[in-house]
Amino acid sequence: MTRLKLVLPLVLLITVVIGISLSTSAQMSEQVLRSAHDAEWTGLDPHVASTVSSFHVLANVVESLTTNNDNIELTPLLATDWSQSDDGRTWTFNLRDGVHFSNGEAMTSEHVVFSMNRIINPETGSGRVASVGGPDAVWEAVDSHTVSVTTPAPNAILPILLSARSTAVVHPDSVDENGVIVAPIGTGPFTVEDLDGTISMRLVKNENYWQEGLPLLDAVEITVIQEDAAREAALLGGEVDLITSVARQAVQALQDNPEVNVLVSPALAYKYIGLNLTREPFDDARVRQAIAYAINRDDLCAAGDFGLCTPLYGGPIDTGSPWYFDYAPYSYDPDKARALLAEAGLADGFEMELMPTSTYEDTVRQAQVLQAQLAAVGITTTINAPEWAEWLELEGNFRYDGYICSWNGLVDVEHYFYLQHRTDEVFNFTGYSDPEFDALVEQGRQVSGFDERYAIYEQANQILVDAVPYVYFYNPAFTRAMSLSVQGYVLRSDNNNIYMHTYLEG
């Protein structure tokens, strides 16, 4: 009896140890990336969302007919190939076989037609109507795996426009009774689970994903940490594995840390101040030009991004792009700025409000430098820096004088000009309108040859630069930082945040 009493605890101990061992092994084998994003997403409806913070999530959940690879080259995605009719008005897309939504249902042409028509429907309120052919585009299911779209005028660049995740194919069950998508049912490598408002979620591997062997991660746990220092401390303290933005002043220190891998990439983006043309005195081009001459872009670059940027003295495209235009009149010239203000009847200056957002600390630093620069030419400013959600509401309702922001994902030359500047486009938040400019950017979509398109957009660029609804600051760089265990992550120049090929090692 005594011997039996001794053996029984030993058996229980072995059982417990084995249980702990198996549990630990299972935990070790599970690939879960902990990622800290730098801003709250402003909704997960791909057809309505407009912020980088939203698409940092959506790029992993939904997919479009075409895409751009890591070298920003147009490649097939949900469509395998496409062709244009002889008259240029109809595009036909052949869909990929074997694609399933995360709910297990096979994707067909009907889902594509549903998604494109939802974007076009005015009740959706999408800003991407132009990207799917315009309000009069007709999408049709030719057969179960072929779709066509016909537009009133030729559209030579439609496959390029459809590469954005904002034109994603979603399952109709994504849409609730109010016509809203809270969490999309997509064909992407992950699905959304444990969504907690706009501050945390868990992306879980889509077991129905069509690309065999992907994703490599089982899950991505996303938390939002808006403060730069807190985000970097979480990485250094091992609380997270990856952060989607590094404060520019911290880049060098993190690069010197042997336990951290820092990625830096030139950005297909620009930073700027948008001026409210529906308010005086910003309805006068001379006033807007005065602001453009009054600013020292080198100082703004140093303050906002600590020199990881290229100043812009004209339009939004820098010298590294084949679409660069060398019309750059706005060198730093305070005397010219004062002369223009005097010509506009504002020799004594005026008052205005600058609106950065506290969510993005670089915009606040830019505003502080801008405040001093404008004061030197007689423009007195105050700074209002609301949080992101309030900032978006103020911007969208023209309740500002000058808002400070950035525009990202600029893959094609059209992306620099059309959505934010064409008359009455959803993302035109300055109120800018010019029939000649509108005609040029419409013409630019109807031709595909580089030389012909370059000549068209060169004219559009000069019109826009002279009108100055935006004063462009600079082209920035994108940054990421991660622990050495994170492998396979690619920092793209279009800022597409994709976890599909990422995995954890060690």
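Let me begin with a definition: on a 1 Å grid over the protein atoms alone, a pocket is an open set of points with protein on both sides within 12 Å along at least five of seven lines, while a cavity is a set of points where a 1.4 Å probe fits but cannot get out, and the lining residues of either have an atom within 4 Å of a point. Grid points are joined across faces, edges and corners, and the volume is the space filled by probe spheres set on those points.

Before I use these terms, a word on the source. What we have is a predicted model, in which local features need pLDDT of at least 70 and side-chain atom pairs count only at pLDDT 80 or more, although totals for chains, interfaces and linings use all residues. Residues are numbered from 1 along each chain as its sequence is written, and side-chain values use heavy atoms, with hydrogens and water left out.

Let us start with the pockets. The largest pocket holds about 480 Å³ of space, and of the 27 residues that line it, V129, A130, G134, P135 and Y418 lie nearest its centre. Its lining divides into eleven nonpolar, ten polar and six charged residues, where Ala, Val, Leu, Ile, Met, Phe, Trp, Tyr, Cys and Pro count as nonpolar, Asp, Glu, Lys and Arg as charged, and the others, Gly among them, as polar. The second largest pocket holds about 360 Å³, and of its 22 lining residues the closest to the centre are D70, R492, I498, M500 and H501. In that lining there are nine nonpolar, nine polar and four charged residues.

Now to the enclosed spaces. Rolling a probe the size of a water molecule over the atoms shows where empty space is left. How many cavities of 30 Å³ or more does a search of the whole structure find? The search finds two, and the second largest of them has about 40 Å³ of space. That second largest cavity is lined by R297, L312, Y313, G314, Y330, V465, V468, Y470, V471 and Y472, which by class are eight nonpolar, one polar and one charged. Strand β18, residues 470-483, gives the most to this lining, with three residues; helices (H or I, at least four residues) and strands (E, at least two) are DSSP runs, numbered from the N terminus. Y472 lies in strand β18 and is buried, with a relative accessible area of 3%. By buried I mean under 20% relative accessible area, by exposed over 50%, and by partly exposed anything in between, with a 1.4 Å probe and protein chains only.

Next come the salt bridges, each being a side-chain nitrogen of Lys or Arg within 4 Å of a carboxyl oxygen of Asp or Glu. By this rule the count comes to 20, and I will walk you through three examples.

In the first example, D228 pairs with R231, their closest N and O atoms being 2.4 Å apart. Why are these two about one helical turn from each other? They are three residues apart in helix α5, residues 228-236, and therefore separated by about one helical turn. D228 is buried at 12% relative accessible area, and R231 is buried at 1%.

In the second example, D305 and R248 meet at 3.0 Å, N to O. D305 lies in helix α8 (residues 297-305) and R248 in the loop between β11 (242-243) and α6 (251-255), so the pair ties together parts that are 57 residues apart in sequence. D305 is buried, with a relative accessible area of 0%, and R248 also counts as buried, at 13%. R248 and D305 are linked with K271 and D362 in a network of salt bridges.

In the third example, R338 pairs with D335, with 2.8 Å between the closest N and O atoms. Here R338 is partly exposed at 36% relative accessible area, whereas D335 counts as exposed at 55%.

I will finish with the backbone. Most residues other than glycine have a negative phi, and most peptide bonds are trans. Where, then, are the cis peptide bonds that I would like you to look at? One runs from L214 to P215, and P215 is found in the loop between β9 (200-205) and β10 (219-224). Another runs from E280 to P281, in which P281 belongs to the loop between β13 (270-275) and α7 (285-294). As for phi, D194 has a positive value near 50 degrees, lies in strand β8 and is exposed at 55%.
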